[in-house]
Amino acid sequence: MIVTTTPNVEGKRITRYYGVVAGETIMGVNILRDLMASITDVLGGRSAAYEDQLIKARQMAIQEMCDRAAQLGANAVVGVDIDYEVLGSQNGMLMVTASGTAVSLE
């Protein structure tokens, strides 16, 4: 499956549009990760625990989007956009959405 943020793929021709497809992932943040992130905030530096969760959530959302495109018969998703949202009463949930247009390329 070809996945790109551009509206087309150089050297390929779009032969069919299947429509918009999306994949969503919602992940909770646990207390241990929060504790480690707060220590990192005080001491400075990067929070590897949160970065790993972001990477995992993004990969899951993209995979779900690709699976939905494949179910339609597409072999590519163009114009992909990835959005991040914090949800929950105490901002304890992370939602990642990947969306694009499912197409067939020739």
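Accessible area here is worked out by the Shrake-Rupley method with a 1.4 Å probe.

**View 1. The whole chain, as a predicted model.** Start with the outside: the accessible surface of the protein chain comes to about 6,700 Å². Carbon and sulfur atoms account for 53% of that surface. As for the inside, 30% of the 106 residues count as buried.

**View 2. The order of helices and strands.** The protein chain has 4 strands and 2 helices. Walk along from the N terminus and you pass β-β-α-α-β-β. Contacts often reach a long way along the sequence: taking those between residues at least 6 apart, 77% join residues at least 24 apart.

**View 3. The largest nonpolar core.** This core holds 14 residues. The members that touch the most others are Val-21, Ala-57, Met-65, Ala-69, Val-77, Val-96 and Ala-102. At least two core residues come from each of β2 (14–28), α2 (48–72), β3 (76–87) and β4 (93–105). With 5 residues, α2 gives the largest share.

**View 4. Zooming in on Ala-57.** Which residues does Ala-57 touch, leaving aside those up to four places away in sequence? Look for Thr-25 and Met-27, and then for Leu-94 and Val-96. Val-96 turns up in the previous view too, since both Ala-57 and Val-96 are on the list of core residues touching the most other members.

**View 5. A second core.** Apart from the largest core lies another one, made up of 6 residues. Among them are Ile-14, Val-78, Val-103 and Leu-105.

Technical notes:
Residues numbered from 1 in each chain as written. Predicted model: local features only at pLDDT ≥ 70, side-chain atom pairs only at ≥ 80, totals over all residues. Heavy atoms only, no water. Buried < 20%, exposed > 50% of the residue type's maximum accessible area, 1.4 Å probe, protein only. Contact = heavy atoms within 4.5 Å. Core = buried A, V, L, I, M, F, W, Y, C linked by side-chain atoms within 4.5 Å.
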